[in-house]
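Subject: The structure I promised you

Hi,

Here is the structure I said I would pass on. Have a look at it first, then read my notes below with the viewer open.

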Amino acid sequence: MSNPLVLDAPPGQPLIEYHREFDFPVHSVFAAHTDPDLYARWNSSGPTPPRFDLFEPRSGGAYRWVQAGDDGAEYAMRGVFHSVRQDEFLLQTFEFEGYPDVVTLEYSTFAGLPGGRSRLTGRSLYPSVEFRDEFLSNGMGDVMSDGYDQLDDLLASVRTGS
């Protein structure tokens with residue numbers, strides 16, 4: 001893709017920072033993070049779209065979604081939306097139920113750029129460097145990059161109506 005994901009995992013710190021630019025307006029990129037139908041179409045690493053048991057992208061809301069893996073097993077993720085500011089900011093927690101009590105705090109900032117483009121900047125704070133490193137070693141960076149490439153494809157198809 002022309003807009004690669006830039007991911008940084010500072011040594012000795014339990015966090016990752018990342019950013020990515022999109023050739024789409026900030027409103028479209030934000031909507032793809034808060035509309036469950038859009039979110040399911042790009043944020044899927046399994047053979048089928050995720051199933052949402054709960055998805056309330058508002059300050060104080062919560063979510064839980066289940067993704068089927070290639071092996072047919074189901075993997076659930078859940079969290080709380082602490083702060084949601086339309087087209088600007090999301091602060092939420094993320095917990096993979098397969099790692100109970102390993103909760104990350106995720107900050108996402110959305111900014112408009114000239115020419116109808118946008119930039120997503122994020123930070124994920126983990127309980128420890130060890131958990132951060134484990135998520136990275138399990139391919140999280142590739143999953144994120146692939147997901148954002150799928151988001152590009154989705155937004156292009158929405159723009160063209162295909």
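First, a bit of vocabulary: helices (H or I, at least four residues) and strands (E, at least two) are DSSP runs, and they are numbered from the N terminus. With that in hand, you can place R85, which lies in strand β5. At 41% relative accessibility, R85 counts as partly exposed, because that label covers values between 20% and 50%. Its C-alpha atom is separated by 8.1 Å from that of S59, and the two residues are 26 apart along the chain.

Please keep in mind that this is a predicted model. The mean pLDDT of the chain is 92, and 96% of its residues reach 70 or more. Confidence is highest in β8, at 98, and lowest in helix α4 (residues 140-160), at a mean of 88.

Now the sheet. It is open, has eight strands and pairs them in the antiparallel sense, in the order β1-β2-β8-β7-β6-β5-β4-β3. At its edges sit β1 (6-8) and β3 (51-55), each pairing on one side only. On average, and ignoring direction, neighbouring strands in this sheet are turned by 20° against each other.

Try following β8 (residues 117-125) through the sheet. On one side, β8 pairs with β2 (residues 15-22), antiparallel, over eight bridges. Two of the residue pairs to look for are Y18 with G122 and H19 with T121. On the other side, β7 and β8 pair over nine bridges, again antiparallel. There, Y107 stands opposite R123 of β8. The β7 and β8 hairpin has three residues between its strands, and G115 takes a positive phi near 75° in it.

What lies on each face of β8? The covered face has S118, L120, G122 and S124, while R117, R119, T121, R123 and L125 are on the uncovered one. In a regular strand the side chains alternate between the two faces of the sheet. Take S124 from the covered face: this residue is buried, with a relative accessible area of 4%. Leaving out residues up to four places away in sequence, S124 touches P14, L15, I16, Y18, L105 and E106.

Next, the helix α1 (residues 26-34). This helix packs on the sheet and touches β2, β3, β5 (74-85), β6 (89-96), β7 (103-113) and β8; the direction of α1 makes about 155° with that of β7. Why is α1 described as largely enclosed by the rest of the structure? Because seven of its nine residues are buried. Those buried residues are V26, V29, F30, A31, A32, H33 and T34.

On to the inside of the model. In soluble globular proteins, nonpolar side chains tend to be buried together. Here the largest nonpolar core has 32 residues, and Y148 and L151 have the most contacts inside it. At least two residues of this core come from each of β2, α1, α2 (36-42), β4 (62-68), β5, β6 and α4. The biggest share is that of α4, with six residues. If you click on Y148 and skip its neighbours within four places in sequence, you will find it in contact with L5, Y18, R20, F22, H33, W42 and L120.

One of those contacts of Y148 is worth a second look, namely R20. Is R20 buried or exposed? R20 lies in strand β2, and at 1% relative accessibility it counts as buried, because the cut-off for that is under 20%. The side chain of R20 makes a polar contact with the side chain of D152, at 2.6 Å.

For a contrast, go to the loop between β1 and β2, where you will find P11. P11 is exposed, with a relative accessible area of 77%. Its C-alpha atom is separated by 8.3 Å from that of V129, although the two residues are 118 apart along the chain.

If you want a route through the model, you could begin with the strand order β1-β2-β8-β7-β6-β5-β4-β3, then look at α1 packing on the sheet, and finish at Y148 and L151 in the core.

Cheers

Notes. Residues are numbered from 1 along each chain as its sequence is written. This is a predicted model: local features need pLDDT of at least 70, side-chain atom pairs count only at pLDDT 80 or more; totals for chains, interfaces and linings use all residues. Side-chain values use heavy atoms; hydrogens and water are left out. Two strands pair if DSSP finds at least two bridges between them. Axes are lines fitted to C-alpha atoms, for helices over the stretch in contact, and angles run from 0 to 180 degrees between N-to-C directions. Contact means heavy atoms within 4.5 Å. Buried means under 20% relative accessible area, exposed over 50%, partly exposed in between (1.4 Å probe, protein chains only). pLDDT is the predictor's confidence in each residue, from 0 to 100. A polar contact is a pair of N or O atoms within 3.5 Å; within protein, one must be able to donate a hydrogen and the other to accept it, and residues adjacent in sequence count only if both atoms are side-chain atoms. A nonpolar core is a set of buried Ala, Val, Leu, Ile, Met, Phe, Trp, Tyr and Cys residues joined through side-chain atoms within 4.5 Å.
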